[in-house]
Amino acid sequence: MDFSTKLQKFAELAIQVGVNIKPGEDLMINADIVSAPFVRLAVEEAYKCGAKNVYVDWADEATALIKYLHAPMESFDEFPKWTADARTSIAKNGGAFLSIISSNPDLLKEVDPIKVSNFQKASGKALKEWRSFTGADKCKWSIVAVPSPEWAKKVFPELSEEDAISKLWDKIFDCSRVSDGDPVAAWKEHNATLKEKMNFLNKMNFKKLTYTSSKTNLTVELPEGHVWLSGASQDPKGNDFNPNIPTEEVFGMPHKYKVNGTVFSTKPLVYGGNIINNFSITFKDGKIIDWTAEEGYETLSNLIGTDDGSHYLGEVALVPYDSPISNSNIVFYTTLFDENASCHLAIGSAYATNIVGGENMSDEDKEKHGVNDSMTHVDFMVGSEDLDIVGVTGDGETVQIFKAGNWA
Ligand code: ZN
Ligand code: ZN
């Protein structure tokens, strides 16, 4: 397949499998102008699938950076209500959301971290209602990636800009199963494989997971009524959609107050235009009580300090070390890819769908059941080739789930 055929297939994948657009539905696409050629293909594909309206919310990183460097400090405490309202209104009307990410991992390197953290808080607060739709699968949503020159050069610094972009596209096509020729069929099969692991974990009904590696020693208890999920999700009408392309994970939620021990990161984490690398986090009764970082300590501290919920975990995800993304041996500097190369945890809010009845729990119910709530949700990678994970059932039976980084 030549590049333009692959690009077309990638657009079909994003629309048919990612957000699975049905006739009469609205779609909002969030994208940087650098991805415009791909966005236009996706818009056309959405209308071919019967979309009623496709809205594109364009961003431009260069403009965003100008604001960070020159706008007054108080502007970062604000997130425009009309932007948040637009998303909520589309979600309420049964519309879907496609995010196309292309971020320069180093964009905000020279920016005052307080500005970044204030703006993260402001947007987290403003988008809370919208997130209650996506976080509980009350609307269809998906994330795919498109290379920007800066991102491609970060991943492949030894290549020219042109070669770096083309190599990153190849990797995205490979990891997203586009290169196989029939991505829509490949994803049907892939979703089914992930479901097998998910069904096994749900059948075992583990109460506790223990993580051990040369550095990590962590116990994660799961709440009562816990549900493992993977691959495709379902909207309230029962239509499948794939929130992440690619995805290799089976994910659940830790009990907010029942995580203990220390975990080490195994890949760099890009957060708010900055990199956090070689860090560790220590938990006591679910709460983060200590952390270290060789790089990006201040950024990590700001992330943990976002709100009360960002002192606790919201996601536990299992990904084999031997997965296509992991085997590529590339650090992608974007969570969408790096999280799917590695077992990970997430700081911040849990997905309501990971517990029976979670979609309709009040904030008080969530607290009672150990479901964490936060303005933020940030995955960080902890999988390695020497990671063992053992599951403990309610009867105290132990089952090896991961051995040396892979499904046992
Ligand atoms: Zn995840
Ligand atoms: Zn996550």
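**Entry 1. Helix 10**

I began with helix 10, where Thr-299, Leu-300, Ser-301, Asn-302, Leu-303 and Ile-304 are buried. I note here that the model is a predicted one. The helix covers residues 297-304, and 6 of its 8 residues are buried, so the rest of the structure largely encloses it. I then looked up what the buried residues pack against: helix 5 (113-126), strand 12 (269-271), strand 13 (274-284), strand 14 (287-295), strand 16 and strand 17.

**Entry 2. The zinc ion, ligand 1**

I listed the donors of the zinc ion (ligand 1). They are Glu-249 (OE), Glu-315 (OE), Glu-339 (OE) and His-344 (NE2), at 1.9 to 2.6 Å. Along the chain these donors follow the spacing E-x65-E-x23-E-x4-H. What is the arrangement of the 4 donor atoms around this ion? The angles they subtend run from 74 to 156°, which makes the arrangement irregular. For four donors to count as tetrahedral, all angles would have to lie between 85 and 135 degrees.

I then checked where the donors sit. The pair Glu-249 and Glu-339 links distant parts of the chain, 90 residues apart. Glu-249 is in the loop between strand 9 (240-241) and strand 10 (250-252), and Glu-339 is in the loop between helix 12 (335-338) and strand 16 (344-348). Both Glu-249 and Glu-339 are buried.

**Entry 3. The zinc ion, ligand 2**

For the zinc ion (ligand 2) I found the protein donors Glu-315 (OE), His-377 (NE2), Asp-379 (OD) and Asp-379 (OD), lying 2.0 to 2.6 Å from the ion. The spacing of the donors along the chain is E-x61-H-x1-D. The 4 donor atoms subtend angles of 53 to 141°, and the arrangement is therefore irregular. Glu-315, in strand 15 (residues 313-318), and His-377, in strand 17 (residues 377-381), are 62 residues apart and link distant parts of the chain.

Which residue coordinates both zinc ions? Glu-315 does, and the two ions are 3.4 Å apart. I looked up the accessibility of two of the donors. Glu-315 has 2% relative accessibility and so counts as buried. His-377 has 25% and so counts as partly exposed.

**Entry 4. Helix 1 against helix 9**

I looked at how helix 1 (residues 3-18) meets helix 9 (residues 183-204). Their axes come within 9 Å and cross at roughly 45°. Helix 1 and helix 9 are therefore oblique to each other. Helix 1 makes the contact through Lys-9, Leu-13, Gln-16 and Val-17, and helix 9 through Pro-183, Val-184 and Trp-187. I sorted the residues of this contact into 5 nonpolar, 1 polar and 1 charged.

**Entry 5. Ser-102 and Thr-134**

Ser-102 is in the loop between strand 3 (96-101) and helix 5. Its relative accessibility is 4%, so Ser-102 counts as buried. I left aside the neighbours within four places in sequence; Ser-102 is then in contact with Asp-32, Val-34, Val-146, Pro-147, Ser-148 and Trp-151.

Is Thr-134, in helix 6 (residues 128-134), buried or exposed? It is buried, because its relative accessible area is 8%. Not counting residues up to four places away in sequence, Thr-134 touches Cys-139 and Trp-141. I also took the distance from Thr-134 to Phe-173, 39 residues apart along the chain: their C-alpha atoms are separated by 26 Å.

**Entry 6. Backbone and loops**

I looked up the peptide bond from Ile-245 to Pro-246 and found it cis, with omega near 5°. Pro-246 is in the loop between strand 9 and strand 10, where Glu-249 also lies.

Asp-285 has phi near 50°, a positive value in a residue other than glycine. Asp-285 is in the loop between strand 13 and strand 14 and is partly exposed, with a relative accessible area of 42%. Ala-404 also has a positive phi, near 50°. Ala-404 is in the loop between strand 19 (398-403) and strand 20 (406-407). With 38% relative accessibility, Ala-404 counts as partly exposed.

The last residue I looked up was Gly-357, in the loop between strand 16 and helix 13 (363-369). At 40% relative accessibility, Gly-357 counts as partly exposed. Gly-357 and Tyr-211 are 146 residues apart in sequence, and their C-alpha atoms are 28 Å apart in space.

Terms used. Residues are numbered from 1 along each chain as its sequence is written. Chains are lettered from A and ligands numbered from 1 in the order in which they are written. This is a predicted model: local features need pLDDT of at least 70, side-chain atom pairs count only at pLDDT 80 or more; totals for chains, interfaces and linings use all residues. Side-chain values use heavy atoms; hydrogens and water are left out. Axes are lines fitted to C-alpha atoms, for helices over the stretch in contact, and angles run from 0 to 180 degrees between N-to-C directions. Helices (H or I, at least four residues) and strands (E, at least two) are DSSP runs, numbered from the N terminus. Angles under 35 degrees count as roughly parallel, over 145 as roughly antiparallel, 65 to 115 as roughly perpendicular and the rest as oblique. Contact means heavy atoms within 4.5 Å. Ala, Val, Leu, Ile, Met, Phe, Trp, Tyr, Cys and Pro count as nonpolar, Asp, Glu, Lys and Arg as charged, and the others, Gly among them, as polar. Donors are N, O and S atoms within 2.8 Å of the metal (3.2 Å for Na, K and Ca); water is not among the atoms, so sites may look incomplete. Four donors count as tetrahedral if all angles lie between 85 and 135 degrees; four count as square planar and six as octahedral if opposite donors are over 155 degrees apart and all others between 65 and 115; anything else is irregular. Buried means under 20% relative accessible area, exposed over 50%, partly exposed in between (1.4 Å probe, protein chains only).
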